[in-house]
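Student: Could we walk through this model together, one question at a time?
Tutor: Sure, have a look at it first.

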Amino acid sequence: MKILGISAHYHDSAAALVCDGVPVCAVQEERLSRRKNDAVFPIGAIEWCLDHAGIGPDDLDAVVFYERSMLKFERILISTLRTFPHSWRSFPNAMRNSLGEKVWVRGIISSYLGIPRRKILFTTHHQSHAAAAFLTAPTRRAAILTADGVGEWATLTVGHGDRRVDGGTSITLLRELRFPHSLGMLYSTFTAYLGFSVNEGEYKVMGLAAYGRPTQVDRVRKLIRRTPDGAFALNMDYFEYHSSAKRSYSSRFVELFGPPRTAYEPIDLATAEGQRFADCAASVQRVLEDTLVDITRALHQETGLPDLCFGGGVALNGVANARILAESGFERIFVPPAPGDAGCALGAALYADRVYFGQPDRNVPDHPFWGPAVVSQDLLRAATEDGQTVEELDDARLIERTAAELFADGVVGWMDGACEFGPRALGHRSILAAPHSVKMRDRLNRDIKYREEFRPFAPVTPIETADRYFELPPGGVRLGRFMSGVFRVRPEWREQLAAITHVDGTARVQVLDRDMAPRLSALLEAYGRHSGIPVLLHTSFNVAGEPIVCSALEGYSTFRRCGIDMLIAAPVVVTKRGPSKVRSLKEEALA
Amino acid sequence: MGVERSAGGRILRLVHGWIWGDLDRRARKLLSFAEVETGGGRDILRAAEMTPDPLLRRLYLAHAIDELHHGDLFRERGATLLRARPQSLRSAAAPAWLPSDGHGLDDLRIEDERDESLLGFLHLSEKAAASRFSVYREIVQDDPATRAVFDEILRDEVFHMNYTYAQLARISPASHRRRLWRARISRLWKQYLRLAAAVARVLSTIVLTVQYFIVVPPFAWLAKRAERRERPGWTVLQPEGRESLTRQY
């Protein structure tokens, strides 16, 4: 049975193909279109998935869209009605957006793929999140939590999943919180208030929070109150996201927290204003964590299950995940590599397979590498044509050479096999560097990633040695598999791991299982032989504002225009020539 | 080939004189240029990744780096002007909280374009940009820092115009003039589409706003009444049947 899952139209569209109960491939449209968070109907991703599997649209048994678009339209319409007459400015835009394309999903899919309408199915948004989290996790029974900005009506759901011994699968969502009461929207509102882009800058709020103190928690609590049944409700007097497309916070919000930051003002943490923004970030982060801990603690008591599967954009908050692990009572937390809307494409396809078609349960491979593979010969050809220093090395020499380059403070662009599905590079499209000095962190932020000074870098280390350098609680290894948890760097190693130790002594570590990325694992071992510490700084292979590279040529063009010293798509190694470091590309092109 | 002072440029000078006279509008204009240049740079970068021609790859790459740098220059200058404004006005410049749509080079799909048509398009775009920027440079006589930004960018634009023309002639020697004409017609068509879309947008906004105030009020009253009955907190979910996946509601 061949099932295509699709997510689209809001942010981060994607396609995923499930054949006989197992994912075959999945890719975000942005990786192919090169437009970050591309929300268009993912025809490029769909075509790639079908080509990759060697099938045509006629071979598909079903196409599953990740949410019910008419139900979503209902929510938009009713929200507009409820906020009458304040919503008069946003009404034309909302109607144009929805009626222009988004509600006609069945017709769009049918006409793009030329398949009958009866083959097109719809899961709900949070069913897709729940399935993406539960059906990809190596657990048979688990509690389920999903939380994001908003789906159709739901913003947060709790439930449980069961993969029975008879092969049957059930995912039961017990309760939901409904728009406009949303933890994701609360966090996004602060993201916008702090001058970052919504759906993209939430990482920055989390990074900034470490520089602040939660001095404004009481004020944040005016925005969100707990309800007697253990849920929460937002005080909508402080928000405008339900009635405006221009601003997510209200004037009362500004009265409470002070003037917002504009996107073009740098955050200077040495000033009172910079510290105020950091304190705001720390405060909303604290409230988010407290709320999630309370909800998950109650869920643990209710279900009595040791495992929690957590999906939705809020699950990208590694600091909150670590607190849930520490305080909720759950022994293990499974966050998929793509917990956001892109992952819903895979979740929707798996949900239809197991629940709608009742196909027998199958284990899903526990890795994130579902995208297009790198073609090293493309890199070889382009780099050779451009007169770069190119070598082809066997694996052992390549690993040794790369480790030596890293030990000599070189920065390496690393491409290996299929690209990751999800927002994080997890060892196949990474920039690697030595983790030891603050200078390296600053160099990467300044010359390579072109991003804010306060943003931390993550480390990667083998599973066998992770506990030596990081304070991993029970269950921490699992959370670290896809970089979903932030843990403390052991104090005795912080000085030697300065580039990856955040200001609060933590790091969002990837705990690497050799079977998941054997070549990177070998590199870590080799680097450990050079430096005595098998830990590398590890960040996504892109520059600010661009999607993670997918093809060899995208890696190559990034390599040519930023300060990366060595580029690898095994077995090809490209090193920046000495003169080209000083001669401009323009001069070179005209030579 | 240098920067031309066309009749269009003279008209632009009059139209834009008042826009650039105001510091706030000037800052916003520069920031919008920053977005356009950065988006264009990314599209040209894509062209560098797609082209099979090694020389074009290098030139596109150099061009993309210039465009991204221009984006930075505009952004930096725009931000400096914004920071110079009184604190009370700053919030007005906060970005829209919803992600914007639209991108780069006239919504061009680089993957679908051949090098010949892309070079023709780039040549005309650079020429038009150089013409406009030279007008702006003269308008901002009172602002040496902004003028310096335009000076630097205009130097690059001359290189971009020249190489796109030369490369078009190289890869399409027999038909490069025809390609340029096609690119001109395509640009005109896109300008018409943009204008038509803008007019449609204005008209639809008027119609929908009128409907909002005439049709919506009774439904709004009902919706608000229903909202008052809702209890905050959890909503218990009823199990759905298998058939629920067939519907969009």
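Tutor: What follows goes from the overall chain to a sheet, the contact between chains and a few odd backbone spots.

Tutor: Two bits of housekeeping: this is a predicted model, so local features need pLDDT of at least 70 and side-chain atom pairs count only at pLDDT 80 or more, while totals for chains, interfaces and linings use all residues. Residues are numbered from 1 along each chain as its sequence is written, and chains are lettered from A and ligands numbered from 1 in the order in which they are written.

Student: What is the radius of gyration of chain A, and what does the globule rule give?
Tutor: The radius is taken over C-alpha atoms, and the rule is 2.2 Å times the number of residues to the power 0.38. Chain A holds 23 helices and 23 strands, which are DSSP runs numbered from the N terminus (helices H or I with at least four residues, strands E with at least two). Its C-alpha trace spans about 65 × 60 × 50 Å along the principal axes. For 591 residues chain A is as compact as a globular protein of that length, because its radius of gyration is 24 Å and the rule gives 25 Å.

Student: Which strands stand at the edges of the five-stranded open sheet in chain A?
Tutor: The order in that sheet is 3-2-1-4-5, with mixed pairing; two strands pair if DSSP finds at least two bridges between them. An edge strand has a single partner, so one side of it lacks a neighbour in the sheet, and in chain A that applies to strand 3 (22–28) and strand 5 (120–122).

Student: How many bridges join strand 1 to strand 2 of chain A?
Tutor: Strand 1 covers residues 2–7 and strand 2 residues 14–19, and the two run antiparallel. Within that pairing, A:Gly5 sits opposite A:Ala16. The count of bridges is six.

Student: Which helix touches strands 1, 2, 3, 4 and 5 of that sheet in chain A?
Tutor: Contact here has C-beta atoms, placed from the backbone, within 7 Å. Helix 5 (residues 105–113) of chain A packs on the sheet and touches strand 1, strand 4 (62–65) and strand 5. The one touching strands 1, 2, 3, 4 and 5 of chain A is helix 13 (residues 341–356).

Student: Is A:Thr123 buried or exposed?
Tutor: A:Thr123 lies in the loop between strand 5 and helix 6 (125–134) of chain A. Leaving out residues up to four places away in sequence, its contacts include A:Val64, A:Tyr351 and B:Leu245. The cut-offs are 20 or more other C-beta atoms within 10 Å for buried, 12 or fewer for exposed and partly exposed in between, with C-beta atoms placed from the backbone. A:Thr123 has 28 C-beta neighbours inside 10 Å, so it counts as buried.

Student: Which element of chain A gives the most to the side that touches chain B?
Tutor: In that interface, 63 residues of chain A are in contact with 52 residues of chain B. The chain A side divides into 30 nonpolar, twelve polar and 21 charged (Ala, Val, Leu, Ile, Met, Phe, Trp, Tyr, Cys and Pro are nonpolar, Asp, Glu, Lys and Arg charged, and the others, Gly among them, polar). With seven residues, the top contributor is strand 8 of chain A.

Student: Which residue of chain B stands opposite A:Arg175?
Tutor: Strand 8 of chain A pairs with strand 1 (residues 235–236) of chain B, antiparallel and over two bridges. In strand 1 of chain B, the residue opposite A:Arg175 is B:Val236.

Student: Which residues does a cis peptide bond with omega of about 10° join?
Tutor: Most residues other than glycine have a negative phi, and most peptide bonds are trans. One cis bond joins A:Phe84 and A:Pro85, with omega about 0°. The cis bond with omega of about 10° joins A:Phe179 and A:Pro180.

Student: What is the phi of A:Asp12?
Tutor: A:Asp12 is found in the loop between strand 1 and strand 2 of chain A. A:Asp12 is buried, with 27 other C-beta atoms within 10 Å. Although A:Asp12 is not a glycine, its phi is positive, at about 60°.

Methods. Contact = placed C-beta atoms within 7 Å. Axes fitted to C-alpha atoms, helices over the stretch in contact; angles between N-to-C directions.
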